[in-house]
Amino acid sequence: MNRAFVFQKDGYTRTEGELLLNETLFHNANGYFGVRGNFEEGYPPGQATVRGQYVNGFYNFSEMKQPEKHYGFPEQKQTMVNSFDTQTMVLTVEGERVDLFQGEVLEFSRVLDMKKGITIRRFVWESPKGRQVEVCITRMASFEMLPLFTIEYQVTPLNFSGKAWMESVHSGDVSNYFNPKDSRVAGEKITHLRVAEREMTEDGFSLIRSKTLKSGLEIASVTAHLLSEEYTAKSQVGEKEIVQFFEFPLREKVPVTVTKYTVTCDSIRYLDVKGTAADLMRKSLGRPLDYWYQCQEDYLDKFWENAEIEIIGDEELNLSLHYNLYQLLQSVGKDEYCNIGAKGLSGEGYEGHYFWDTEMYIVPFFSLAWPETAKNLLSYRYQILDRARANARVMGYLKGALYPWRTINGDECSGYYPSGSAQYHINGDISYAAVQYYLITGDWDFMVSKGAEILLETARMWYDLGNFYQGSFQLHDLTGPDEYSCVVNNNYYTNLTAKHNLEWAAKIYRRLKAQGQLEDLERRIGIEEEEILGFEEAAEKMLLLYDEVLDINPQDDSFLSKKEWDFSQEAKGNGPIMQWNHLYRLYRYQVCKQADTVLAHMIFEDAQKVSTMKNSFDYYEKRTTHDSSLSRCIFGIMASKLGEKKKAYEYFDFSSKLDILNSQHNTKDGIHTANMGGTYMGIVYGFLGFRVKETGFYFMPSLPEQWERCRLRLQLLGSRLEITVTGTECMFRLIEGTPVRLFVYGREYEVEKELTVPLEEW
Ligand code: BGC
């Protein structure tokens with residue numbers, strides 16, 4: 001077995017921090033739902049836990065308390081709902097409850113097998129009375145049948161025979177985690193669901209149907225059990241939960257398995273949630289579990305065939321990379337009704353909301369490795385375009401669309417506008433990703449049916465927002481990616497993405513017109529030539545700040561005139577400084593939470609001189625805390641670009657292990673999906689120096705001296721390429737499709753079969 005696919009932790013630690021962390025690290029998800037890696041048998045009362053099962057895109061509304069009511073400030077937000085609990089399985093052997101908080105844990109390990117798509121918790125436990133059992137619990141969130149979750153619970157008595165009693169719970173009595181001291185999770189306990197129906201069906205399934213209290217959605221879950229041993233069963237149907245009991249004999253050293261199946265259906269995707277869940281359960285039980293395991297492996301074989309990055313020379317890094325890519329696959333929505341949360345489906349941090357993280361950090365990976373999924377992510381944005389239009393009206397724009405900063409259903413969920421709704425760059429990010437996706441895949445159909453409308457509607461908002469002043473087009477009172485400088489003028493990143501947005505809206509409009517494909521769009525949004533001329537002029541005259549003395553791009557028009565932050569007072573890197581500084585204080589200093597101008601340089605490397613990028617990198621690096629996990633990966637990529645190899649590697653190393661090592665101390669709230677995508681970009685955009693431009697695909701490969709070789713596959717315009725970089729050369733091999741035209745160190749080649757280019761220094 002290739003060790004890079006097995007993430008394993010041995011040894012039992014039951015500190016609160018470790019338990020919560022492992023709940024995240026070993027969660028199971030498939031893009032449709034996610035289940036945290038809680039112990040089936042639970043913890044003792046009072047032990048902190050986030051016992052959660054979530055469905056991507058399934059939300060309830062909760063009140064957003066605005067202390068001062070102002071027009072347009074959102075008064076409710078969406079929250080990803082903890083929907084039910086089907087994890088709970090409590091085993092009792094000969095009257096003793098298997099409980100890792102009593103007796104003795106003799107062996108313990110947790111495994112995530114990323115080739116098989118399963119997690120395994122295995123332990124050998126000795127009861128207070130000396131009975132020993134080996135328990136091995138395998139969980140799977142099926143990629144083949146998205147509503148299906150299985151828990152295969154195997155117990156082997158090691159030194160006794162007797163009776164076992166399994167209590168398996170299906171509960172609708174659940175609530176979300178809250179912590180009044182942490183702005184990144186819900187601040188108070190809120191009831192989101194009401195159990196509308198619960199029953200034991202004729203098939204012996206437990207069924208619970210719940211309704212959200214405010215958003216009008218429904219969810220049904222069904223569980224069923226299969227046992228490898230003769231048993232007697234009974235069930236208890238309560239107000240909000242159903243408990244099933246199974247009694248079966250245990251013979252010394254003979255394993256017995258209880259397999260619990262859960263099928264979940266929600267009303268966003270299914271008309272009859274209850275009927276469909278029961279049907280799909282029958283379908284699941286119609287095949288042996290091994291069939292579903294095999295489907296899981298087959299699905300992952302295909303995924304890894306396209307997505308795997310192999311690094312020879314650093315086993316630890318190889319593992320963390322596999323871990324990150326696997327988590328992206330687990331987290332990403334598989335239909336257009338949902339997206340990918342900042343924490344995926346692994347926890348409740350940011351309440352399951354979708355941010356610009358998707359477009360700028362995650363779409364690149366999927367566009368290059370698993371393009372159908374990238375298309376889903378962007379189609380979701382198309383699906384919520386009407387909500388973005390409504391949001392633009394609320395924000396005072398007569399035309400066009402403004403995407404919400406954070407959302408699930410398309411409505412704004414940001415309660416604090418300076419670092420929320422004011423981040424207008426979300427429009428530029430979505431447009432940028434749509435164009436990159438188009439350039440990478442050549443998917444013109446997507447552009448015609450969805451992309452063009454997104455581009456034109458977002459461009460309209462920029463045109464309305466901006467102002468021609470003294471010969472330039474300016475964008476005022478908005479916030480760039482750096483959330484420690486808010487409501488500023490002419491943020492360099494925002495202006496560049498807006499310029500790109502306006503240019504591409506006009507370009508695609510003209511192309512559609514020339515090809516006679518405009519009619520539909522004209523009917524839908526009534527776009528006119530005159531508007532396009534306006535977009536072109538605004539793009540051309542867009543103000544892009546440049547400071548001649550420092551030869552840098554100022555982050556915005558006031559940044560350079562602000563006071564310097566005294567980094568010696570507070571240890572850099574000891575948790576986000578916003579936790580002990582009033583935000584409003586931070587706004588007055590030259591201190592950045594995350595990559596902003598440096599990110600602009602990464603995505604638009606031709607917009608300024610190399611010296612400007614170099615000086616800007618040095619300037620902002622000194623002033624950036626990296627308090628956001630979205631930051632270091634970008635600094636790493638730009639360090640590669642600028643030839644700072646040591647730094648590039650250090651940034652990359654940190655971001656690739658961020659969750660596995662819990663480096664930001666908050667992985668318990670969920671994984672950091674943007675950073676995971678950023679790690680991928682660290683290799684492809686960093687070490688391979690890959691860029692996608694209108695003129696083609698560009699590479700500037702180099703290999704960190706710590707590695708012997710790096711190999712990966714990319715899909716470009718439908719063709720599949722394998723790229724191998726060694727210490728001396730870079731090889732491109734066409735695996736499938738038509739020849740690919742590309743540039744390496746600025747020289748143009750066509751890869752018909754194989755191409756080898758010696759590495760160059762720059
Ligand atoms: C970052 C944002 C990001 C959000 C969700 C914040 O801390 O500043 O850029 O979108 O986290 O990941």
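**Salt bridges, cores and strands in a predicted model**

Reader: How many salt bridges does the structure hold?
Author: The model is predicted: local features need pLDDT of at least 70 and side-chain atom pairs count only at pLDDT 80 or more, while totals for chains, interfaces and linings use all residues. Residues are numbered from 1 along each chain as its sequence is written, and side-chain values use heavy atoms, with hydrogens and water left out. A salt bridge here is a side-chain nitrogen of Lys or Arg within 4 Å of a carboxyl oxygen of Asp or Glu. The number of salt bridges that the structure holds is 68.

Reader: How far apart in sequence are the parts that K274 and E197 tie together?
Author: The side chains of K274 and E197 meet in a salt bridge, with N to O at 2.4 Å. K274 belongs to helix α2 (residues 273–285) and E197 to strand β13 (residues 193–200), so the pair ties together parts whose separation in sequence is 77 residues. Helices (H or I, at least four residues) and strands (E, at least two) are DSSP runs, numbered from the N terminus. To repeat the value asked for, the separation is 77 residues.

Reader: Is E197 buried or exposed?
Author: Buried means under 20% relative accessible area, exposed over 50%, and partly exposed in between (1.4 Å probe, protein chains only). K274, with a relative accessible area of 27%, is partly exposed. E197 has a relative accessible area of 18%, so this residue is buried.

Reader: Where does E694 lie?
Author: E694 forms a salt bridge with K507, and their closest N and O atoms are 2.8 Å apart. The pair ties together parts that are 187 residues apart in sequence, because K507 lies in helix α10 (residues 492–514), whereas E694 lies in the loop between β24 (691–693) and β25 (696–699).

Reader: Which strand holds R711?
Author: R711 and E722 form a salt bridge whose closest N and O atoms are 3.0 Å apart. The pair ties together parts that are 11 residues apart in sequence, because E722 lies in strand β27 (residues 719–726) and R711 in strand β26 (residues 709–716). E722 is buried, with a relative accessible area of 8%. The strand that holds R711 is therefore β26.

Reader: Which two residues have the most contacts inside the largest nonpolar core?
Author: A nonpolar core is a set of buried Ala, Val, Leu, Ile, Met, Phe, Trp, Tyr and Cys residues joined through side-chain atoms within 4.5 Å. The largest one has 205 residues, and the two with the most contacts inside it are F248 and F732.

Reader: From which domains does this core draw at least three residues each?
Author: The core in question is the largest nonpolar core, of 205 residues. It draws at least three residues from each of two domains, whose bounds come from an automatic or database domain assignment. These are domain 1 (3–303) and domain 2 (370–625).

Reader: How many residues has the other core, to which V222 and W292 belong?
Author: F248, a member of the largest core, is in contact (heavy atoms within 4.5 Å) with residues including L91, V155, M166 and V258, leaving aside its neighbours within four places in sequence. Apart from the largest core lies another, with V222, V263, W292 and Y293 among its members, and its residues number 20.

Reader: How many disulfides does the structure hold?
Author: A disulfide is a pair of cysteine sulfur atoms within 2.5 Å. The number that the structure holds is 0. For C633, the nearest cysteine sulfur, that of C592, is 15 Å away, and for C710, the nearest, that of C730, is 9.2 Å away. The count of disulfides is thus stated as 0.

Reader: Which strands are the edge strands of the open sheet?
Author: The open sheet of 5 strands has the order β7-β6-β12-β17-β16, with antiparallel pairing; two strands pair if DSSP finds at least two bridges between them. Each edge strand pairs on one side only, and the edge strands are β7 (96–97) and β16 (232–237).

Reader: How many of the 10 residues of strand β11 are buried?
Author: Strand β10 (residues 132–141) is joined to β11 by 9 antiparallel bridges, and the two form a hairpin with 6 residues between them. Strand β18 (residues 256–266) is joined to β11 by 8 bridges, also antiparallel. Strand β11 (residues 148–157) is largely enclosed by the rest of the structure, because the number of its 10 residues that are buried is 8.
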